[in-house]
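Thanks, everyone. I would like to take a few minutes to walk through one structure, and I will keep to what can be read from the coordinates.

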Amino acid sequence: MKNIFIWVLRLTAAIILLQTLFFKFTAAPESVYIFSTLGAEPFGRIGSGIIELIAAILILIPRYTLFGALAGAGTMAGAIMAHLFILGISVQGDGGGLFSLALITFFCCAVLVYVNKNKLLTIFKIKK
């Protein structure tokens, strides 16, 4: 049962990260608006898209889930902060959809980091 839950988290995070790539890489008007407002157009849009692509791929590979989840959580933390302090919860009348997706992805990634914390402890040679 735990394994199924972990895969649901992996798939949820990866699917959300991957589905936003189309909008970032095709310079969709909403994406351009967001990154222009943040003063990071086009490099921030393309750069975050590349990071999210790498994170999604790593999340789906069990051996590298920790690294993908760390990258995904970090990216989503930035997105959440941008929404809270600059963009607002609702962007161009989306009703908070993008903000909700960022929260869901952050939660999935944070749980994946927690579940894989022993790998993190091993990497940094920290004893329990």
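Let me begin with I61, which sits in the loop between α4, residues 43–60, and α5; please keep in mind throughout that this is a predicted model. With a relative accessibility of 35%, I61 counts as partly exposed, because that class lies between the buried limit of 20% and the exposed limit of 50%. If we compare I61 with L101, the two are 40 residues apart in sequence, and their C-alpha atoms are 22 Å apart in space.

Now to the helix pair. Helix α5, residues 65–87, packs against helix α6, residues 97–115, at an angle of about 145 degrees, and their axes are 8 Å apart. The crossing in which α5 passes α6 is left-handed. On the α5 side the contact residues include L66, L70, M76, I80 and L84, while among those contributed by α6 are F99, L103, F106, C109 and V113. Sorted by class, this contact has 17 nonpolar residues and four polar ones, with no charged residues.

Since C109 is part of that contact, let me turn to the cysteines. How many disulfides does a search of the whole structure find? It finds zero. For C108, the closest cysteine sulfur is the one in C109, and at 6.8 Å it is too far for a bond, because a disulfide needs the two sulfur atoms within 2.5 Å. C109 is likewise in no disulfide, its nearest cysteine sulfur being that of C108. As for accessibility, C108 counts as buried at 4%, and C109 counts as buried at 0%.

Definitions and conventions: Residues numbered from 1 in each chain as written. Predicted model: local features only at pLDDT ≥ 70, side-chain atom pairs only at ≥ 80, totals over all residues. Heavy atoms only, no water. Axes fitted to C-alpha atoms, helices over the stretch in contact; angles between N-to-C directions. Helix = DSSP H or I, 4+ residues; strand = E, 2+ residues; numbered from the N terminus. Left-handed = near helix turned anticlockwise from the far one by under 90°. Contact = heavy atoms within 4.5 Å. Nonpolar A, V, L, I, M, F, W, Y, C, P; charged D, E, K, R; others polar. Buried < 20%, exposed > 50% of the residue type's maximum accessible area, 1.4 Å probe, protein only.
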